[in-house]
Amino acid sequence: MPRSFRFHSLRMFTVVASLILAATAYIGAQDSARTVASGVYTDVQAARGALTYDTACSGCHRADLGGATGPALTDRRFARDFAGKDLKTLFMKISTSMPQNNPGSLGENVYLDVVAHILKENGFPAGQSELIADGLDAIQVIAGRPKPPPPVGDFSYVEVVGCLTAGPQNTWMLTRASEPVVVVLTAAAAAAPSAASPAPAANPAEESAAAKRLGGQTFHLLDAMAYAPETHKGQKMAVRGLLIKLADEQRMTISSFDMVAPTCTE
């Protein structure tokens, strides 16, 4: 084999080997990069954090993390304040300034539990190992992800959209209705009027309800008479309330009763 050929072959081998090593290093670096979506806490830890949050944090930030006298800890506010930063930034913010009346008083592990709860409420999955203080600066915070809605079951608090129709014996039905979707009660929703108080509750989902297509479900509205149903007959209505599933029919109590279109044509 000519010497020049051996030289070029060796040189080519060296170049290829270098490229392989560089690619392997890059892949390894990518794999080692951790974000809050990598499962950095456990469900048990988040459950502990939820208890602490309820007693020490919810008064300022609301039970649903939606913000009150303190800022929101979910959605766009969470992304604006913490996305792109490391998790230590969030931990230090909480552990050095909260609770407002006694900052730094809860202890390192308790603050870590609260961080785990915040991550869970922002839709990030749990993992197999608890969050610890070491390595927080190597975990990147990203924008939160919507939590999947809970499954619909008996006595779920749901929203449906359908056509208000008069039924037999002074009953009122929601016909051609959409599939029920679980609505998570917030502090504002919990204060909404009940069936005993017929003023309709504010419906933050009214715009999306108006766009929701009708379906094939039927619901017997148990307390519709409290909402002057005659004035809404034939209209497309968004109804929120407790779902009661019987063998022969589906029933709903009413906590929110809103007209979203004057007719049921689509």
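Me: What volume does the second largest pocket have?
Reply: In this predicted model, the second largest pocket has a volume of about 170 Å³.

Me: How many residues line the second largest pocket, and which lie nearest its centre?
Reply: The lining is made up of 16 residues. Those nearest the centre of the pocket are H61, L73, K93, I94 and M98.

Me: Which elements give two or more residues to that lining?
Reply: They are α4 (75-82), α5 (87-97) and α6 (108-121). The largest share comes from α5, with 4 residues.

Me: And how do the lining residues divide into nonpolar, polar and charged?
Reply: The lining of the second largest pocket has 11 nonpolar, 2 polar and 3 charged residues.

Me: M98 was one of the central residues. What is the peptide bond from M98 to P99, cis or trans?
Reply: That bond is cis, with omega near -10°. P99 belongs to the loop between α5 and α6. As a general background, most peptide bonds are trans.

Me: Turning to backbone angles, which residue has a positive phi of about 65°?
Reply: That is L65, which is not a glycine. L65 sits in the loop between α3 (58-61) and α4.

Me: Is L65 buried or exposed?
Reply: L65 is buried, because its relative accessible area is 0%, and the cut-off for buried is under 20%.

Me: What about N170: what is its phi, and where is it found?
Reply: N170 has a phi near 60°, again positive in a residue other than glycine. Its place is the loop between β3 (157-166) and β4 (172-177). N170 counts as exposed because its relative accessibility is 69%, and exposed means over 50%.

Me: Now the interior. Which residues touch the most other members of the largest nonpolar core?
Reply: They are L87, V115, L119 and L131, in a core of 26 residues. Each of α2 (43-56), α4, α5 and α6 supplies at least two residues of this core. The largest share, 7 residues, comes from α6.

Me: Where does another core lie, and which residues are among its members?
Reply: Another core, of 17 residues, lies apart from the largest one, and its members include V160, A224, Y227 and I254.

Me: Back to L119. Which residues does it touch, not counting those up to four places away in sequence?
Reply: L119 touches V36, V40, Y41, L87 and F124.

Me: F124 appears there. How far apart are the C-alpha atoms of A37 and F124?
Reply: They are separated by 5.2 Å, although the two residues are 87 residues apart along the chain. A37 is in the loop between β1 (34-35) and α2. Beyond its neighbours within four places in sequence, A37 is in contact with F124, P125, I142 and R145.

Me: And D75: where does it lie, and is it buried or exposed?
Reply: D75 lies in helix α4. D75 is exposed, because its relative accessible area is 60% and the cut-off for exposed is over 50%. D75 and E121 are 46 residues apart in sequence, with 9.7 Å from C-alpha to C-alpha.

Me: Finally, the whole protein. How many helices and strands are there, and what percentage of the residues are buried?
Reply: The secondary structure comes to 8 helices and 9 strands. Of the 266 residues, 36% are buried. The accessible surface is about 15200 Å², with 59% belonging to carbon and sulfur atoms. Among contacts with a separation of 6 or more, 70% are between residues 24 or more positions apart.

Terms used
Residues numbered from 1 in each chain as written. Predicted model: local features only at pLDDT ≥ 70, side-chain atom pairs only at ≥ 80, totals over all residues. Heavy atoms only, no water. 1 Å grid on protein atoms, 1.4 Å probe; cavity = no way out; pocket = protein on both sides within 12 Å on 5 of 7 lines; lining within 4 Å. Points joined across faces, edges and corners; volume = space filled by probe spheres on them. Nonpolar A, V, L, I, M, F, W, Y, C, P; charged D, E, K, R; others polar. Core = buried A, V, L, I, M, F, W, Y, C linked by side-chain atoms within 4.5 Å. Buried < 20%, exposed > 50% of the residue type's maximum accessible area, 1.4 Å probe, protein only. Contact = heavy atoms within 4.5 Å. Areas by Shrake-Rupley, 256 points an atom, 1.4 Å probe, with all protein chains shown as cover.
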